[in-house]
Amino acid sequence: MTVWAALEAGAANPLMWILAIPLGSAGFLAVLPHWRLAAWLNVAAAGTTFLASLVLFRHRPEPTHLLFIDDFNIYLVALTAFVGFTTSIFSAAYIGRETQADRLSDVHLRFYHAMYQAFLFTMLLALVANNTGVMWVAVEAATLTTVLMVSLYRTREAIEAAWKYFILCSVGIGLALFGTTLVYLAAQPVMGDGADAMAWTLLIGKAHAFHPDLLNLAFVFLLVGYGTKVGLAPLHAWLPDAHAEGPTPISAVLSGLLLNVALYALLRFKMLLAANGKTLEPGPLMIMMGLSSLFLSAFMLYRRGDIKRLFAYSSIEHMGVITFAFGLGGPVANFAGLMHMTMHSLTKSGIFFAVGIITQNAGTKRLADIRGLTASHPVLGWGFVIAVLAIAGLPPMGVFMSEFLVVTSAFARQPLLALPLAVGLLLAFGALAIRLQGMAFGAPPPARRVHSQARVGLMSTVLAYVPLWLHVALVVVAGLWLPGPLVAWFEAVAKLLG
Amino acid sequence: MAQQFSYDLAHLIGATVLMAGMGLLYQRRLFAVLNTFAFQAVALAAAAAWQAHVQHAPHLYATAAIALIFKAIAVPLALHWLVERLGIHRTVETALSIGWTMIVGVALVALSIMLVLPVTAKAAALTRESLSIAMSVVLLGMLMMITRRNAVTQVVGFMALENGLILAAVSAKGMPLVVEISIAFSVLVAMTVFGIFFFRIRERFDTLDLNYLETYRGDRQ
């Protein structure tokens, strides 16, 4: 009877659905032999998860000792579920084209779809976990699932990338656990033994009584640990390889979701430090790492010869900007950081949707071989141009808005810091503009014998373009007009972040 | 009196884990590294079991069992088999000479003691020393990963780092989820071992030397 009651209570909680759908589908997809059906089920599952995440806005469940939803994570849950959904649509098209090129076997595909859902599950669990330990386990599991997906092609490069990713992120994850243990130790004398001393909802109220030195030490470990997963320089080494060698839908979710979730974990701990008030300022550390990521990637962007690596470095750049914004703190900078997280996530995954099709059409990832996209594939080419201009920070797109806010708030508060920030952004803009010029315009390369082009159906082409244009449209609209409730909400969360 | 004894014993076991961590740094042969690691895992299992007894926390016995069965027996055996099967070079290749590694190792231990003891001045004595020992073990594991070149020693370095983390977690009084965390870590470790085998890094890269991995800095074209 009690089991039944518990189940009934669980069914009423939309959070349970958000977690159960991806987990259940992961298990089901792992045994489903037919890949075409699996791709559609993947879309259906991701779509249902997205719908379930929308229910949260109408009906916000009470926090339990394991799961909770508050102003901060609710929008990230919705964003994660949304990008997970659109990427699954793109993935269906991408996989269809890959199988025509005979690059993936049935077993690999079964595995791929199961891992995709498992990855969504870990991301969502990390976001809604009301327990520092559960959050850590979720991020660790996310590492595992993505490593498996990065190595999917089994080429030498893919295995090298996966191994590097695995080793670096495992160490990062390990250090994050040490930080988590230290936070527990700081909380334990105040909150008593057990799960209470790990619950976000309870920690934040009593954070003022924690031992500040322990929190300081913990934050350093957490910054290095979760910072590795965010891809902050100098801990970013895994990121370009993992983005470049895995299947492109995975590059899209890595950039669009994983980096955000790792940063979310870090920000939660930063909130604890802010609530304590007697610790060191986490700001300067974050600003320093943010700026170094920005500069490193801005210079690296000029030297790239591989299209996926180019945008992987651009992800490092933007995570740097976001970390800078949160490091600066205050209502405006936090607002800008939150908005930039959203905009970067949408734009970058959109870019990877385009890149996936571009590399499949061209049969190569070499930038030098990709030319004249707007002439050869106008729908794809122009979508790509707009998305790249958006990520480079050109008005009127959403990314410009948030970058503008970061720069202005930096000028208002710390003019000396705003200068390097602006220089870094301009450098990155220059690199992307040069690359875009070559890829989008100019004469298309002489028609090479493209393996799959003739056989790709209209259906899968449309399927591939829809998510791209959807993301582009959202980013453009967000630049011109943000809905009032969304602004109010960003403001509320910005206050929450301190 | 009893409290003093339990404290001393916890301290002693923790120090054994740390000594094994130092021991890992000066091994020159791969099999000796594996044996030293197995010894460290046994010591960790003892530490977890002792904490389970002292804290009256029976779930920590599960952590101890995982450390003993999985890390002290299964993983070293698997790696041993792997080294033979894949014909991996059996001497440890160092990026930094053993003498210097030891000096850096001692410095790291000193650093973590100096860092942790003042910070935890108000915490329970049991937690204090254990935490500084655990942090030393973590840092030594990292040092090993940095200064030893081939993949097996790097995996061992990672597992040593993880031993430090589990030591910290079992010493934190009443910390929930320790068992879940050690299971999660075991999966991670199993994956690395499996990865070496499954990807046949030996065959693919001709060597397990990770330096060869580093030549792949991306744009090779």
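Helices and strands here are DSSP runs, counted from the N terminus, a helix having at least four residues and a strand at least two. On that basis, chain A of this predicted model contains 20 helices and zero strands. Chain B, likewise, has nine helices and zero strands.

Good morning, colleagues. I shall begin with the two chains as wholes, then turn to the contact between them, and finally to some individual helices and loops.

Chain A has a radius of gyration of 22 Å, and the globule rule gives 23 Å for 498 residues, so chain A is as compact as a globular protein of that length. Its C-alpha trace extends about 70 × 65 × 45 Å along the principal axes. Of the 498 residues, 60% count as buried. Turning to contacts within chain A at a sequence separation of 6 or more, 82% of them are between residues 24 or more positions apart.

In chain B, buried residues account for 49% of the 221 residues. Of the contacts in chain B between residues at least 6 apart in sequence, 74% join residues at least 24 apart.

Let me move to the place where the chains meet. Chain A contributes 36 residues to the contact and chain B contributes 37 residues. Which helices of chain A each supply at least two residues to the side that touches chain B? They are H6 (132-150), H7 (156-191), H9 (212-230) and H10 (238-245). The most comes from H7(A), which gives 17 residues. Sorted by class, this side of chain A consists of 16 nonpolar, eight polar and 12 charged residues.

Two of those helices, H6 and H7 of chain A, are joined by a loop that holds A:Arg154. Although A:Arg154 is not a glycine, its phi is positive, at about 60°. A:Arg154 has 14 other C-beta atoms within 10 Å, and is therefore partly exposed.

H9(A) also deserves attention. Its 19 residues should span 27 Å at 1.5 Å a residue, and the end C-alpha atoms lie 25 Å apart, which agrees. Because 14 of its 19 residues are buried, H9(A) is largely enclosed by the rest of the structure. Just after this helix, A:Gly231 adopts a positive phi of about 90°. The loop between H9 and H10 of chain A also includes A:Pro234. The peptide bond leading from A:Ala233 into A:Pro234 is cis, with omega near 5°.

I turn next to H14(A), residues 330-362. For its 33 residues the expected span is 48 Å at 1.5 Å a residue, and the distance between the end C-alpha atoms is 46 Å, in agreement. Is this helix mostly covered or mostly uncovered? H14(A) is mostly covered, with 29 of its 33 residues buried. After the helix comes A:Gly363, with a positive phi near 70°.

One residue within H14 of chain A is A:His344. Why does A:His344 count as buried? The reason is that A:His344 has 28 C-beta neighbours inside 10 Å, where the cut-off for a buried residue is 20 or more. Leaving aside residues up to four places away in sequence, A:His344 touches A:His318, A:Ile322 and A:Val399. A:His344 is also 9.1 Å from A:Ala390, C-alpha to C-alpha, with their positions 46 residues apart in sequence.

A further cis peptide bond runs from A:Pro395 to A:Pro396, with omega near 5°. A:Pro396 sits in the loop between H16 (378-392) and H17 of chain A.

That brings us to H17(A), residues 398-413, and its partner H18(A), residues 415-440. Their axes come within 7 Å and cross at roughly 150°. This angle makes H17(A) roughly antiparallel to H18(A), since angles over 145 degrees count as such. From H17(A), the contact involves A:Glu403, A:Val407, A:Ala410 and A:Phe411, and their counterparts in H18(A) include A:Leu417, A:Leu421 and A:Leu425. By class, the contact between the two helices has nine nonpolar, no polar and one charged residues.

Finally, a loop in chain B. B:His56 lies between H2 (30-54) and H3 (59-86) of chain B. B:His56 is not a glycine, yet its phi is positive, at about 50°. With 7 other C-beta atoms within 10 Å, B:His56 is exposed.

Thank you for your attention.

Note on methods. Residues numbered from 1 in each chain as written. Chains lettered and ligands numbered in written order. Predicted model: local features only at pLDDT ≥ 70, side-chain atom pairs only at ≥ 80, totals over all residues. Expected span 1.5 Å × (residues − 1). Buried ≥ 20, exposed ≤ 12 C-beta atoms within 10 Å, placed from the backbone. Contact = placed C-beta atoms within 7 Å. Nonpolar A, V, L, I, M, F, W, Y, C, P; charged D, E, K, R; others polar. Rg over C-alpha atoms; globule rule 2.2 N^0.38 Å. Axes fitted to C-alpha atoms, helices over the stretch in contact; angles between N-to-C directions. Parallel < 35°, antiparallel > 145°, perpendicular 65-115°, else oblique.
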